[in-house]
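Visitor: I should like to learn how the features of a protein model are read. May we go through them one by one?

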Amino acid sequence: MATKKTTPSDYSESSIRVLKGLEPVKQRPGMYTRTENPLHIIQEVIDNASDEALGGHAKNIVVTLNTDGSIAVEDDGRGIPVGMHPEENVPTVEIVFTRLHAGGKFDKGSGGAYAFSGGLHGVGVSVTNALSKRLEIDVWRKDDQGRGVHKLVFADGDVLEPLTSRAAGRDDKKSGTRVTVWPDPKYFDSPLISQPELQRLLRSKAVLLPGVKVTLVTARTGEQQTWQYDQGLRGYLLESLAQASHADPLIPLFEGEQYANAEAEGFAEGEGAAWVVAWTEEGNAVRESYVNLIPTSAGGTHESGLREGLFGAVKSFVEMHSLLPKGVKLLPEDVFARVSFVLSAKVLDPQFQGQIKERLNSRDAVRLVSGYCRPALELWLNQHVEYGKKLAELVIKQAQSRLRSAQKIEKKKSSGVAVLPGKLTDCESSDTGRNELFLVEGDSAGGSAKMGRDKEFQAILPLRGKVLNSWETEPDRLFGNNEIHDIAVAIGVDPHGYNDNPDLGSLRYGKICILSDADVDGSHIQVLLLTLFFKHFPKLIASGHICIARPPLYRVDAPARGKKPAQKIYALDDGELLATEDKLRKDGVKDGGWSISRFKGLGEMNAEQLWETTMNPDTRRLLPVALGEFDQIASEARFTMLMGKGEAAARRAWIEEHGNEAEADI
């Protein structure tokens with residue numbers, strides 16, 4: 001029988017490759033960790049040691065920078081389990097370092113090893129192993145057979161020396177884990193870890209784990225630094241403020257700590273936050289936040305909760321004492337502008353944006369933190385009225401300064417203003433930097449958006465049908481299309497070319513957000529609008545004013561599980577839906593125990609859902625539009641191929657080459 005010869009361009013069964021084990025990490029390390037340097041893969045190991053301390057099982061964490069370039073992290077906790085895993089029949093410690101979705105953090109029910117831990121992405125130290133030339137694990141652990149010493153060695157993510165075990169000596173009463181890592185330089189821009197960043201990370205762990213001693217040893221110099229704080233967040237913030245701004249707080253520090261008890265409605269027992277807040281009149285602000293000891297350098301919903309709580313309390317105090325001058329309206333940024341804080345939240349099932357856990361996305365965290373810090377600050381301000389009035393004076397000054405700068409912009413724009421389109425539902429604020437315009441697909445979704453928005457700073461412009469493909473439209477013919485005319489007049493900027501210098505002083509909104517359905521038609525509308533902005537308003541993209549709102553495709557109604565109450569979980573796409581279902585199974589919910597709703601379009605969402613998932617700045621996913629890896633010329637060539645009328649052959653060739661990479665929504 002003749003066999004068919006295949007060519008590289010053939011798309012056949014053999015074209016489908018399944019990445020196994022740690023291969024996905026090695027193929028695309030940037031999806032799982034920061035690749036500037038190896039600090040983040042070391043942080044994964046430090047986080048595990050910190051989780052042991054958080055659970056009360058460890059009192060010492062030692063990080064050693066060895067002379068051979070390796071980094072060792074040791075704790076005196078319980079030691080990673082080394083016995084055979086009951087389901088996998090492989091030593092448990094081996095599974096922890098070789099499986100992407102394995103670990104002690106998934107079991108959140110009663111009896112779980114880690115009720116509160118750094119997250120549920122399940123990649124952790126397996127990523128550390130994948131991106132290391134060599135990794136050694138030493139475990140000291142007490143089990144039914146007595147105390148044992150265990151060792152396991154990996155090379156390039158694979159087992160090099162299988163687990164060996166021996167009985168501990170009579171005087172060896174040690175317990176804990178030591179992980180020694182040799183990062184592989186080929187995966188990182190630089191093999192060198194930033195010493196100041198590592199020091200900052202270790203110091204923050206000590207702050208968040210009062211009484212735990214954290215030590216950094218540099219073997220080459222013999223230098224040893226130790227951090228141990230019994231005073232916690234307060235002393236840390238004062239020390240950081242002194243270093244950063246040399247400014248004294250305006251009023252005494254506002255600090256508090258509160259966690260949910262078993263009777264708390266809507267939250268799991270133990271969820272809550274500790275915080276310390278300072279207001280200063282000058283100098284740099286210090287802002288640090290953590291979730292279950294993980295630093296969230298990009299903030300997230302717990303910081304939004306603190307902001308909302310502080311604003312609510314200060315606004316309430318100002319109104320109660322009639323301190324607000326006529327014509328001045330307080331906004332959250334007036335209260336938050338001069339704030340420094342350290343916030344440490346405990347969330348049972350934290351959802352992070354991306355694998356590197358820089359930003360918390362858990363929507364409940366806004367309500368959790370604001371619900372605890374607002375009443376506490378209201379009470380404190382009313383018990384210390386003189387301090388409350390000093391704080392009110394500072395935030396009112398901020399509001400007046402903001403209003404003055406907005407008025408300057410308004411004067412510059414006031415001459416020759418075009419008549420705004422009738423279907424535009426405008427916002428009340430004239431602060432361009434804060435204002436947002438949502439270009440919404442369809443009238444029904446436009447109606448939900450109008451009802452759900454914050455009318456103070458969010459404007460809505462509904463679009464009927466598909467916008468014109470404007471790639472080959474001459475600028476002077478643009479306004480012949482009603483939709484494009486209305487968009488241009490609403491945003492206040494005239495069409496221009498890439499080499500022009502348009503006056504962006506007349507721009508009416510700091511963010512112009514494309515809000516379309518999460519399906520193929522919605523993606524088409526996004527492309528048509530991006531074509532319009534790239535071709536005829538390129539300076540808006542270059543200045544970071546264009547964004548894409550990302551509504552969820554699914555809603556999962558999950559039952560109560562363990563300590564977690566029943567909740568509605570929104571998933572952006574099929575990938576997030578699978579991850580959500582996986583988490584529910586690991587939380588002990590049987591298949592069929594949850595229900596899934598698929599949004600056919602934005603019009604199916606009520607105003608409250610659209611606000612919570614897509615428009616609320618605290619809980620939405622907003623994607624800024626930028627050229628990314630392409631420069632202007634390459635981007636223009638790609639747009640011409642995709643949107644040009646005479647480019648059908650080029651499009652077809654491109655689709656044939658890349659068609660197998662598409663995720664079809666059929």
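Visitor: Where is the place of Gly-55?

Guide: A residue is first located relative to the helices and strands. Gly-55 sits in the loop between α2 and β1 (60-65). Please keep in mind that this is a predicted model.

Visitor: Is Gly-55 buried or exposed?

Guide: One reads the relative accessible area against two cut-offs: under 20% is buried, over 50% is exposed, and values in between are partly exposed. Gly-55 has a relative accessible area of 46% and is therefore partly exposed. As for its surroundings, the C-alpha atoms of Gly-55 and Gly-77 lie 9.4 Å apart, with these positions 22 residues apart in sequence numbering.

Visitor: Which helix holds Tyr-372, and what does Tyr-372 touch?

Guide: Here one combines the element, the accessibility and the contacts. Tyr-372 belongs to helix α9 (residues 364-383). Its relative accessible area is 12%, so Tyr-372 is buried. Leaving aside residues up to four places away in sequence, Tyr-372 touches Gln-258, Tyr-259, Ala-260, Glu-271, Gly-272 and Trp-275. The C-alpha atoms of Tyr-372 and Gly-305 are separated by 9.3 Å, and the two residues are 67 apart along the chain.

Visitor: Why does Asp-486 count as buried?

Guide: The same cut-off is applied: buried means under 20% relative accessible area. Asp-486 has 14% relative accessibility and so counts as buried. Asp-486 lies in helix α12 (residues 482-491). Beyond residues up to four places away in sequence, Asp-486 touches Pro-421, Lys-423 and Leu-461.

Visitor: How many helices and strands are there in the protein, and what percentage of the residues is buried?

Guide: Such totals describe the whole chain. The protein has 18 helices and 21 strands. Of its 666 residues, 49% are buried. Sequence separation adds another view: among contacts between residues at least 6 apart in sequence, 69% join residues at least 24 apart.

Visitor: Which residues have the most contacts inside the largest nonpolar core?

Guide: A core is read from its size, its best-connected members and the elements that supply it. The largest nonpolar core has 59 residues, and Phe-97 and Ile-137 have the most contacts inside it. Helix α2 (residues 39-54) supplies the largest share of this core, seven residues. Not counting residues up to four places away in sequence, Phe-97 touches Leu-22, Ile-80, Val-125, Ser-126, Asn-129, Leu-135, Ile-137, Phe-154 and Val-179. Another core, of 41 residues, lies apart from that one; Leu-310, Ala-345, Val-369 and Leu-377 are among its residues.

Visitor: How many cavities of 30 Å³ or more does the structure hold, and which residues line the largest cavity?

Guide: One reads the count, then the volume, then the lining. The structure holds three cavities of 30 Å³ or more, and the largest contains about 40 Å³ of space. Lining the largest cavity are Asp-517, Ala-518, Pro-551, Pro-552, Leu-553, Phe-599, Gly-601, Leu-602 and Met-605. By residue type, this lining comprises seven nonpolar, one polar and one charged.

Visitor: What pLDDT does the protein average, and where is the pLDDT below 50?

Guide: Confidence is read first as an average and then by stretch. The average pLDDT is 83, and 88% of the residues score at least 70. The pLDDT is below 50 over residues 117-122, a stretch with 31 contacts in the model beyond near neighbours in sequence. Residues 409-416 also have a pLDDT below 50, and this stretch has eight contacts beyond near neighbours in sequence.

Note on methods
Residues numbered from 1 in each chain as written. Predicted model: local features only at pLDDT ≥ 70, side-chain atom pairs only at ≥ 80, totals over all residues. Heavy atoms only, no water. 1 Å grid on protein atoms, 1.4 Å probe; cavity = no way out; pocket = protein on both sides within 12 Å on 5 of 7 lines; lining within 4 Å. Points joined across faces, edges and corners; volume = space filled by probe spheres on them. Nonpolar A, V, L, I, M, F, W, Y, C, P; charged D, E, K, R; others polar. pLDDT = per-residue confidence, 0-100. Contact = heavy atoms within 4.5 Å. Core = buried A, V, L, I, M, F, W, Y, C linked by side-chain atoms within 4.5 Å. Buried < 20%, exposed > 50% of the residue type's maximum accessible area, 1.4 Å probe, protein only. Helix = DSSP H or I, 4+ residues; strand = E, 2+ residues; numbered from the N terminus.
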